[in-house]
Every structure is written in C-alpha cells, then in structure tokens.
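Thanks for coming. I will go through one structure, starting with a pocket and then moving on to some helices and a few single residues.

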Amino acid sequence: MTAIDLTRPRAAPKRPDGDGSVQVHADPTLRIEGAKVFAVYGKGGIGKSTTSSNLSVAFAKLGRRVLQIGCDPKHDSTFTLTGRLVPTVIDVLESVEFHAEELRPEDFVFEGYAGVLCVEAGGPPAGTGCGGYVVGQTVKLLKEHHLLEETDVVIFDVLGDVVCGGFASPLQHAERALVVAANDFDSIFAMNRIIAAINAKAKNYDVRVAGVIANRSAATDEIDRFSEATGMKRLAHLKDVDAIRRSRLKKCTLFEMDDSPEVEAARAEYLQLADRLWKGVEPLEVRPMKDREIFDFLGFE
C-alpha cells in the first residue's frame, strides 16, 4: 500500500461556480433581459410564497407587468393569485413526453389576480432528480415563447433548502435576492446560511443581496441586531397579522381581503417595498457568520 504524504502541499481545487458548489450551471443564452429579477429566500414555512404573491400584486398595482415563478416541488407558490394549484412545467412536459416544442404558453402560464402571470416549475419526484434542472427548463420555455419580452418584473419564489440545485438556479438569473425572516433564532440562523450561499453565487453571477423582509413578527430587535453585525439591511416589516393567515385559507392575496386597519397597513408596506425595489436598492456587502459564531450570537443569556 502506498503511503500518503499528509505534509505535502496540495493544489487548490478549482471551484468555478462558488465555493463548494456542485450546482447546475446556467446556460448563458438563457439570461433574462429587460426585466428586474428578484429571488425570494428564507427557511421553510417562513412565508416566502405569501410574501412573493403579495409583492407581485403590489408591483402590478404600481402598473408593472409581473411574472411569478414558483420553484418548489410543492407547487403552491401562486395559488393565492390563481385560486388553485395550477399544472406545473414538469406536469405539462411529462404530458407530451418531454417534447417541449408541442407546448403552448397557455399550457403552463396562468393569469392570476391583478394580471400577475403565474408559473409553477414543479419538480421531480422526491429522490429522482434536481430542482435546478426544472428551473432552467422553465426559463428556457419562457424565453422560447417570448414571454419575458413584455415583462417588467420577475419574482422567483424559491424553496428553503440551501444545498439544493433548485435553491441555487434562480440566483443565476436574479439581480437581487431578498430574504424573508422572522424575529427568531431558526429563521435568522437560516438567513445567515442563505446569504453565505448567495455570496458564493455572486462570485460568478450578477446577483447580490438586497436585504431582509421581517415577517410574522411584532418586533425586529434580533433581526436588526444581526443586520448591524453583518451588514444586512431590513427592507420591510410585516407584522403577525391574522388576516394574512386567513388570506391563505381563502386562497387569495391580502389585496383581496376585506378592509381593516391592519390589512391596509400591510398592503401599504408591500406597496412601499415594491416601489423601493423598482427604484433600485444598492447591493449589500453582507458578512455572514460561521455557524458556531451565530449560534453564540443569537438569543439571550
């Protein structure tokens, strides 16, 4: 058996797509041009889809033409816009035995509330494929059918798994990444890992961190403390409003709920956020902490 010399210097491995990345590489011909592209991230269950759908409507209310792309195999990103679970790109591709040339736009693009166009990428059955491939195929179909040419804003609503190709693929198209977080340990811990992943992609792509949307939280003290320590920035604050929970049960957006002071305040926050993002937010130089460091940083003594 040949002995291994552990003292011998080793050549640094080449990592062309971010440190440690084994993700699907983007096709350079599939760039989304002309639209402002945002990717919405956060831990599972934190309210990414609710945030994305209400933000899409807010952009539409400001006169923008909006396309929302759900990137989770659960394909429930857009049901509050359409009132139903629409067929996914994977569903319709499978129905034509993956002969994409046989598809029409109306097979996989659906108009939702306020004219927001809705697409659910879907995903392969658990354990059988990469979500990154599905997102890439979705963008390819949209490009082939010229559906991005008349779009002002594209919002990717992304699943919460940091290590998945479905997580990374939208970063190859987005200009700014938004993180949704509550004022608690778990979602801030996840946010820290998410911004580390975004920073890795930013070495090779145009995407940059835009900031955090505080969600389902009466206060923002822990989010603000984390932001001050890392260079993150809070862009909006959505309080724990029961009408938002009920809107999901009613399969509609907050903009379709009955008027009340708390509903009107939440709508105003979304409209203000949409206006701010449209005008442009400066990219952030965020410095994520190591896992053990943030573990010690968060919470109370």
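What volume does the second largest pocket have? About 250 Å³. Before I go further, please keep in mind that this is a predicted model.

Seventeen is the number to remember for the lining: the second largest pocket is lined by 17 residues. Those nearest its centre are Gly45, Lys48, Ser49, Lys74 and Arg248. By type, the lining divides into three nonpolar, seven polar and seven charged residues. Which helix gives the most to this lining? Helix α1, residues 48-61, with three residues.

Now the chain as a whole. There are 301 residues in the chain, and buried ones make up 51% of them. The secondary structure comes to eleven helices and eight strands. If you take the contacts with a separation of 6 or more, 76% of them are between residues 24 or more positions apart.

Next, two helices and their buried residues. A reminder about helices in general: with 3.6 residues a turn, residues three or four places apart point the same way.

Helix α8 covers residues 221-230, and its buried residues are Glu222, Ile223, Phe226, Ser227 and Thr230. These buried residues cover an arc of only 135 degrees around the axis, so they are on the same side of α8. What do they pack against? The partners are β6 (176-181), α7 (185-202), β7 (208-215) and α11 (291-297). Just after α8 comes Gly231, with a positive phi of about 95 degrees.

Helix α9, residues 242-249, has Ala243, Ile244 and Ser247 as its buried residues. Their arc around the axis is only 105 degrees, which puts them on the same side of α9. The cover over the buried residues of α9 includes α1, α2 (79-82) and α10. There is a positive phi here as well: Lys251, just after α9, takes a value of about 60 degrees.

From α10 I want to pick out one residue. Arg267 sits in helix α10, which runs over residues 261-279. Is Arg267 buried or exposed? It counts as buried, because its relative accessibility is 13% and the cut-off for buried is under 20%. The side chain of Arg267 reaches the backbone oxygen of Leu254 at 3.3 Å. Not counting residues up to four places away in sequence, Arg267 touches Leu254, Phe255, Met257, Asp258 and Asp259.

Val134 is another buried residue, with a relative accessible area of 2%. Its place is in helix α5, residues 131-144. Pro73 is 61 residues from Val134 along the chain, and the C-alpha atoms of the two are separated by 9.4 Å.

Last, a loop residue. Where is Leu85? In the loop between α2 and α3, the latter being residues 89-95. Which residues is Leu85 in contact with, leaving aside neighbours within four places in sequence? His75, Asp76 and Phe79. For Leu85 and His75, ten residues apart along the chain, the C-alpha separation is 7.1 Å.

To go back to the start: the second largest pocket, at about 250 Å³, has Arg248 among the residues nearest its centre. That is the end of my part.

Methods. Residues are numbered from 1 along each chain as its sequence is written. This is a predicted model: local features need pLDDT of at least 70, side-chain atom pairs count only at pLDDT 80 or more; totals for chains, interfaces and linings use all residues. Side-chain values use heavy atoms; hydrogens and water are left out. On a 1 Å grid over the protein atoms alone, a cavity is a set of points where a 1.4 Å probe fits but cannot get out, and a pocket is an open set with protein on both sides within 12 Å along at least five of seven lines; lining residues have an atom within 4 Å of a point. Grid points are joined across faces, edges and corners, and a volume is the space filled by probe spheres set on the points. Helices (H or I, at least four residues) and strands (E, at least two) are DSSP runs, numbered from the N terminus. Ala, Val, Leu, Ile, Met, Phe, Trp, Tyr, Cys and Pro count as nonpolar, Asp, Glu, Lys and Arg as charged, and the others, Gly among them, as polar. Buried means under 20% relative accessible area, exposed over 50%, partly exposed in between (1.4 Å probe, protein chains only). A polar contact is a pair of N or O atoms within 3.5 Å; within protein, one must be able to donate a hydrogen and the other to accept it, and residues adjacent in sequence count only if both atoms are side-chain atoms. Contact means heavy atoms within 4.5 Å. The arc is that of the directions from the helix axis to the C-beta atoms.
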